[in-house]
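Me: Could you take a close look at one part of this model for me, the aromatic cluster? I'd like to hear how its rings sit together and how open each one is.

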Amino acid sequence: MFKQMKLVAGQVYRTKIKTPSFWLAVLTPLLIPIVIFAVGFIIAKTSDDAAPKLAVVDNPVLAQTIKSGKLLDADIIEVSDVDTAKKKIISDKLDGYLVKKDDSYTLVTSTDGTMKFTEGTVRTALSQIELADKASQLKLSAQELASLQQPAELTMKTLSDKGETDGGAGKNVANSAISLAVTIVIFTLLMVYTNMIAQEIANEKSSRIMETLLAATSAKVQYYGKIMGIGLLVLTHILFYVVLGVGASVILKDNKMVKGVLEMVKGVDSNFLIFSVLMLVVGLLSYLFLTAIIASLINDQSQVQQAVQPIVFLSMIGYMAGIVGGTVPNNVVLKGLSFIPFVSTTLMPSRLATEVSTLTSAYIALAIQALALIVVAKFGERIYAKNVLSYSDEKIFKQFVQNLKK
């Protein structure tokens, strides 16, 4: 029987891998980062690198202090009054002007200058000037002033059942990005391949090829053979991305964006990667078996979307919960959902990435999902065999409920 399943799997794999739809599904997600990279590259090459022009109104000392200390990345000029500065901005000869009145400052920029002078940068520069003035009034030395400006030393660590690990804002950003990426990857693969197996079964039923196939093999062989074939396509899909990612990291190793991504992923815990791969395999197989069961109730291609829609909604629960979980990670509802089969496929890797779930909890969720996989696969054998040659006019959901009752 295994040889027959290999033949079915090979036939599904060879047929699908030659189709434009498969490669479109593989290449489409790559268009987004490619477009972002291309737009960023074009903007960087075509941007005006000239320093913005900032006028200091009627305050030569302030203008000289900013110039000599190089506190702002701008060309500093002096003007005598506000009216002159405004005229220069209107005529595009200035990007902004700075006015000091009493102990407060006002920065006025052109519409372009708003992007060139950020509030935080200017505030920091002016704060340094004010601090230096106050230090001078208090007759503090340069060393004393430097000592006052020295930030406190703080080391962030995270405590878990694995012990202490380095933490901090940088790690939180990286974990959140990885969590989102894992959730999106798993959800995308689910959408692509559940739809693919539904199309495969619907095509064979609507064209009446299934009768010929079952004359030579059993329904069980077709059932597991198709899952194996689609599984090989998933493996090809993932390996293609891995090879492409490794190649890009080598060829573009000096690119700033690539360096940032590599810096982010190099600290990823190997336990997290192993769990994510296992959950992807088990979860995706579970969804494929579930889709095969429902697809066996289809009569023609027009019913594919109707059949796949409930599966999409089911996977959306974990997908949306994984995204929302980044803002409320300790929510008790999300914690409970992360152990529910099919939902945990996308939710638990997200929670593990942000370290709100332990590795033990993650593997418990994986074990529950694996148990659900076995139950669905065995349960699906009978439904698939019963319905693959049935052409009922009743709605798919009603047929499914009737099969559950029997």
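Reply: Let's start with Phe 240: in this predicted model, Phe 240 has a relative accessibility of 28%, so it counts as partly exposed. Its ring partner Tyr 241 falls in that class too, being partly exposed with a relative accessible area of 27%. Both values lie in the partly exposed range because that class runs between the 20% limit for buried and the 50% limit for exposed.

Now for the other residues of the cluster, in which ring pairs link Phe 240 and Tyr 241 with Phe 22 and Trp 23. Phe 22 has a relative accessible area of 1%, so this residue is buried. Trp 23, in contrast, is partly exposed, at 31% relative accessibility.

How do the rings meet? The structure holds 9 aromatic pairs. One of them joins Phe 22 and Trp 23, with 5.1 Å from centre to centre and 80 degrees between the planes, an edge-to-face arrangement. For Phe 240 and Tyr 241, the ring centres are 6.3 Å apart and the planes stand at 50 degrees, so this pair is tilted. Why tilted, and not stacked or edge-to-face? Stacked planes are under 30 degrees apart and edge-to-face planes over 60, so an angle of 50 degrees leaves the pair tilted. The 6.3 Å separation still makes a pair because ring centres need only lie within 6.5 Å.

Putting it together, the cluster includes a buried residue, Phe 22, with partly exposed residues Trp 23, Phe 240 and Tyr 241 linked to it through ring pairs.

Notes: Residues numbered from 1 in each chain as written. Predicted model: local features only at pLDDT ≥ 70, side-chain atom pairs only at ≥ 80, totals over all residues. Heavy atoms only, no water. Phe/Tyr/Trp six-rings, centres within 6.5 Å; stacked < 30°, edge-to-face > 60°. Buried < 20%, exposed > 50% of the residue type's maximum accessible area, 1.4 Å probe, protein only.
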